[in-house]
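Reader: Please pick one part of this model and take me through it closely. Start from a single residue and work outwards.

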Amino acid sequence: MLLRLRIALPDRPGSLSHVTGVLGAAGADITQVTVLDRGDGRALDDFTVYWPDSAPREDLVRAIEDMDGVRIEGIWGTREAPGTYPELEILKFLATAGDRALGTLIDSMPVLFSAGWAAAATEKDPRVTVYASWRAPEDIPFPKETPPRPTATTLPSGLHVIVAPLPPLALALMLARAEGPAFHRNEVHRLTRILEIFLTLPAIERGADRAFRGPTARPF
């Protein structure tokens, strides 16, 4: 299986190689490392690894927790293939998707952000779901008010979400994951940039307008 690990470690020479050595000895095949934060003598990195299906994740967690000064922030499954540029591929598809652009965006978000599901709904309460990805729940916990900019939070249920406005469409987008850590500010910024480009594409408003008039699309 392909896993994402978020690990906090000392920001000093040799720390990263120590972590990668321990992961490798535990049986993880490291394919990608992304630095999220550095400062005050600490670093926060995302590791993407292949892990044997038959091996329990607890073995991986235990190996990391046995290291001095190293803490695991989260471990969760991902479908984002390492070494690729998925945003570029998705933006290419969106540019030619026409009326399907909104649905294509929503369907791609869980893969791009190693999340569980995504959905879009009308901006004002009571909300009406316009489109939801596979695995989205029937009752989507949209907030009563849409924040003015993409915002990450953790709901009382423990669900980690980003809620973002789509101003020209009078829609709100929600991206969620129950497994793994809260969304990092780098992920929020990445989503913000993708949405900015998305909203400049042709046929976006026409496609959303048709979605409002047609039946709600929920491809479960």
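Author: Start at A170. Its relative accessibility is 36%, so A170 counts as partly exposed. That value falls between the cut-offs of under 20% for buried and over 50% for exposed. Bear in mind that this is a predicted model. A170 sits in the loop between strand 8 and strand 9. Its phi is positive, near 55 degrees, and A170 is not a glycine.

Now take the strands on either side of that loop. Strand 8 and strand 9 run antiparallel and are joined by 7 bridges. One pairing shows where they meet: L166 has L171 of strand 9 as its bridge partner.

On to the other hairpin of strand 8. Strand 7 (residues 151-154) and strand 8 (residues 160-166) are also antiparallel, with 4 bridges between them. Here T153 has V161 of strand 8 as its bridge partner. The hairpin has 5 residues between its strands, and G158 in it takes a positive phi near 95 degrees.

These strands belong to an open sheet of 5 strands. The order is 6-5-9-8-7, with antiparallel pairing. Strand 6 and strand 7 stand at the edges. Each of these edge strands has a single partner, so one side of each is left without a neighbour in the sheet. On average, neighbouring strands here are turned by 20 degrees against each other, direction ignored. Another positive phi belongs to R135, at about 80 degrees, although R135 is not a glycine. R135 is placed in the loop between strand 6 and strand 7.

What lies against the sheet? Helices 4 and 5 lie across it. Helix 4 crosses strand 5, strand 6, strand 8 and strand 9, running at about 145 degrees to strand 5. Helix 5 lies across strand 7, strand 8 and strand 9, and its angle to strand 8 is about 25 degrees.

Next, the core. Nonpolar side chains tend to be buried together in soluble globular proteins. The largest nonpolar core in this model holds 29 residues. The residues with the most contacts inside it are L94, L105, M109, F113, L173, L175 and F198. At least two core residues come from each of helix 3 (86-96), helix 4 (101-112), strand 5 (117-122), strand 6 (129-132), strand 8, strand 9 (171-177) and helix 5 (185-198). Helix 4 gives the most, with 6 residues.

L173 shows how these pieces are tied together. Leave aside its neighbours within four places in sequence. L173 then contacts L105, I106, A119, A120, F142, I162, V163, A164, L166, L191 and L195. Apart from this core lies another one, of 21 residues, with L3, A43, F47 and A63 among them.

Back to the main core, and to helix 3. Which of its residues are buried? They are P86, I90, L91 and L94. These residues cover an arc of only 130 degrees around the axis, which puts them on the same side of helix 3. An α-helix has 3.6 residues a turn, so residues three or four places apart point the same way. The face turned away from the buried side carries the exposed residues L88 and T96. Helix 4 and helix 5 are among the elements that cover the buried residues of helix 3. Just after helix 3, G98 takes a positive phi of about 60 degrees.

How do helix 3 and helix 4 pack? Their axes come within 10 Å and cross at roughly 170 degrees. Angles over 145 degrees count as roughly antiparallel. Helix 3 and helix 4 are therefore roughly antiparallel to each other. On the helix 3 side, the contact is made by P86, E87, I90, F93 and L94. On the helix 4 side, A101, T104, L105, S108 and L112 make the contact. L94 and L105 take part here, and both names also appear among the residues with the most contacts inside the 29-residue core.

To sum up the part around A170: the loop of A170 links strand 8 and strand 9. Those strands are joined antiparallel by 7 bridges. Helix 4 and helix 5 lie across strand 8 and strand 9. Strand 8, strand 9, helix 4 and helix 5 each supply at least two residues of the largest nonpolar core.

Conventions. Residues numbered from 1 in each chain as written. Predicted model: local features only at pLDDT ≥ 70, side-chain atom pairs only at ≥ 80, totals over all residues. Heavy atoms only, no water. Pairing = 2+ DSSP bridges. Core = buried A, V, L, I, M, F, W, Y, C linked by side-chain atoms within 4.5 Å. Buried < 20%, exposed > 50% of the residue type's maximum accessible area, 1.4 Å probe, protein only. Contact = heavy atoms within 4.5 Å. Arc of directions from axis to C-beta. Axes fitted to C-alpha atoms, helices over the stretch in contact; angles between N-to-C directions. Parallel < 35°, antiparallel > 145°, perpendicular 65-115°, else oblique.
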